[in-house]
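Let's walk through this one together, from the overall fold down to individual side chains. Keep the viewer open as you read.

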Amino acid sequence: MWWKHPYFKYITAFILLLITIYFMQLLNIFSPFLTLFQTLFYPILIAGFLFYLTRPVVEWLSRKLSIPLLASILILFAAVGGLLAAGISLLASTIEEQAKNISKLPDQLSKTAEEARQGLEGKDMGMLSTNSLKQQVSKYASSLGQDIGEHFAETFSTVAGAATVIIIIPFVLFFFLKDGRKLVPFLTSPFSGEKREEATRLFRRLDETVAAYIIGQATVAFVDGVLMYISYLIIGLDYALILGLFVVVTAIIPFFGPILGVIPAIVVALTQAPIMVIYVLVALIVVQQLEGNIVAPVVLGERLHIHPLTIIFLLIVAAPLGGFIGMVIAVPLYSVIKVLLYNFYRYFQMYQESKKRSV
């Protein structure tokens, strides 16, 4: 009978699972688990990102210099701490001064809008309504200034609220570096023989895929930020250091990241002189050409084997779903899923072949 067919059982089990999840959601059973997930997500995500960036250094110290693993990790932490302390001592005053000055941007934008209105006041030939234009420009400047103020308030609030996360990250990173090499043997322990070798190759391939993307994209982002900072200094743009650091953060996102990182520079350029906007856009084009033709091919190469159009679609979908974090993890997550599906398909083929041979 049709109800005895295996597919009917699978469909019934799936429907029952959906109904169970629905009622569990109504009873708010998932709330504690969601809170736990949200609490641990960012420390694990950031520590995992730093793990792939710092692991090559630890492995070089332990293998090439024959330094014990624990000592290698401590040396890395001491070196990073020293570099951060030196950077803060050298750049803290500059960043603090630029951060104070950048808070005056809303007033500068309003002043720029007023100067633009006065420039058009005597050139109104009846084709433009000066009062209407004044209202639109003032409204835009006020809205933009308010948005900038809100974003800075949110940024400082987030930084203050993330103090606990910042403290936790080094401890999580320490244990990732210390016990990371034990993960693959642990995950493959249920298997034996050829299956264990296949599973080991799968996890190694996943690890290499994620490492290739994170290290490569972080390098590209750093180079983009440095080049944009140099460009800002050349054209004489205010707040060059902060704006360059902002590009480093956003350029983690491929394609759209550098463009997002330049938006604050365009706003700053508007407060200096309209011609500065053109200089900023020219700098962006030059840096993007250098990245696309020199930096990215050398650093990233073809290790991910993902078409650029696929990356664009991934980022477009990830932006509304997960915001900035979603755009950051979209490409490596896709790469991991791609490798998993490919290997599961291979396993299915092997299973079918072994089944036919047994018959």
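Accessible areas here come from the Shrake-Rupley method with a 1.4 Å probe. On that basis the protein chain has about 23800 Å² of accessible surface, and 71% of that belongs to carbon and sulfur atoms. Bear in mind that what you're looking at is a predicted model.

Now for the fold itself. The protein chain has 12 helices and 0 strands, so reading from the N terminus you simply go α-α-α-α-α-α-α-α-α-α-α-α, by the DSSP runs used to assign helices and strands. The chain has 359 residues, and 27% of them count as buried. How do the contacts spread along the sequence? Take the contacts between residues at least 6 apart in sequence: 71% of these join residues at least 24 apart.

Start at the N-terminal end, with helix α1, which covers residues 6-26. There's a nonpolar patch on the surface made of I11, F14, I15, L16, L17, L18, I19, I21 and F23, and together these residues put about 850 Å² of accessible area on show. Pick out I15, which sits in helix α1. Is I15 buried, exposed or partly exposed? Its relative accessible area is 43%, so I15 is partly exposed. A residue needs over 30% relative accessible area to join a patch, and I15 at 43% is past that mark.

Next, the charges. Side chains of opposite charge can pair when their charged atoms come close. Searching the whole structure turns up 5 salt bridges. One of them is between E59 and R55, at 4.0 Å from N to O. Why do these two end up beside each other along the helix? They are 4 residues apart in helix α2 (residues 31-63), so about one helical turn separates E59 from R55. Their surroundings can be told apart by accessibility: E59 is partly exposed at 27%, whereas R55 is buried at 18%.

R55 has another partner too. Its side chain also meets that of D207 in a salt bridge, with an N to O distance of 3.1 Å. This pair ties together distant parts of the chain, since R55 is in helix α2 and D207 is in helix α8 (residues 193-235), 152 residues apart. D207 has a relative accessible area of 22%, so D207 is partly exposed.

Elsewhere, D179 forms a salt bridge with K178, where the closest N and O atoms are 3.4 Å apart. Both ends are partly exposed, D179 with a relative accessible area of 26% and K178 with 33%. Back at the earlier pairs, salt bridges with shared partners join R55, E59 and D207 into one network.

On to the aromatic rings. The count comes to 4 aromatic pairs. One of them is F51 with Y52, an edge-to-face pair at 5.2 Å centre to centre, with 70° between the planes. F51 and Y52 are both buried. Another edge-to-face pair is F174 with F175, at 5.3 Å centre to centre and 85° between the planes. Are the two rings of that pair buried or partly exposed? F174 is buried, with a relative accessible area of 18%, while F175 is partly exposed at 46%. There's an aromatic cluster as well, formed by F51, Y52 and F176.

Finally, move inside. The largest nonpolar core has 48 residues, and the members touching the most others are Y232 and L237. Which elements supply this core with two or more residues each? They are α2, α3 (69-102), α6 (163-179), α8, α9 (240-250), α10 (256-272), α11 (274-299) and α12 (308-358). The biggest giver is α8, with 10 residues.

To see how Y232 is packed, select it and show what surrounds it. Setting aside neighbours within four places in sequence, Y232 is in contact with L237, A240, L243, G244, V247, G261, V262, A265 and V280. L237, the other residue touching the most core members, is itself on that contact list.

Note on methods: Residues numbered from 1 in each chain as written. Predicted model: local features only at pLDDT ≥ 70, side-chain atom pairs only at ≥ 80, totals over all residues. Heavy atoms only, no water. Buried < 20%, exposed > 50% of the residue type's maximum accessible area, 1.4 Å probe, protein only. Contact = heavy atoms within 4.5 Å. Patch = residues over 30% accessible without salt bridge, like charges linked within 9 Å, V, L, I, M, F, W, Y side chains within 5 Å. Phe/Tyr/Trp six-rings, centres within 6.5 Å; stacked < 30°, edge-to-face > 60°. Core = buried A, V, L, I, M, F, W, Y, C linked by side-chain atoms within 4.5 Å.
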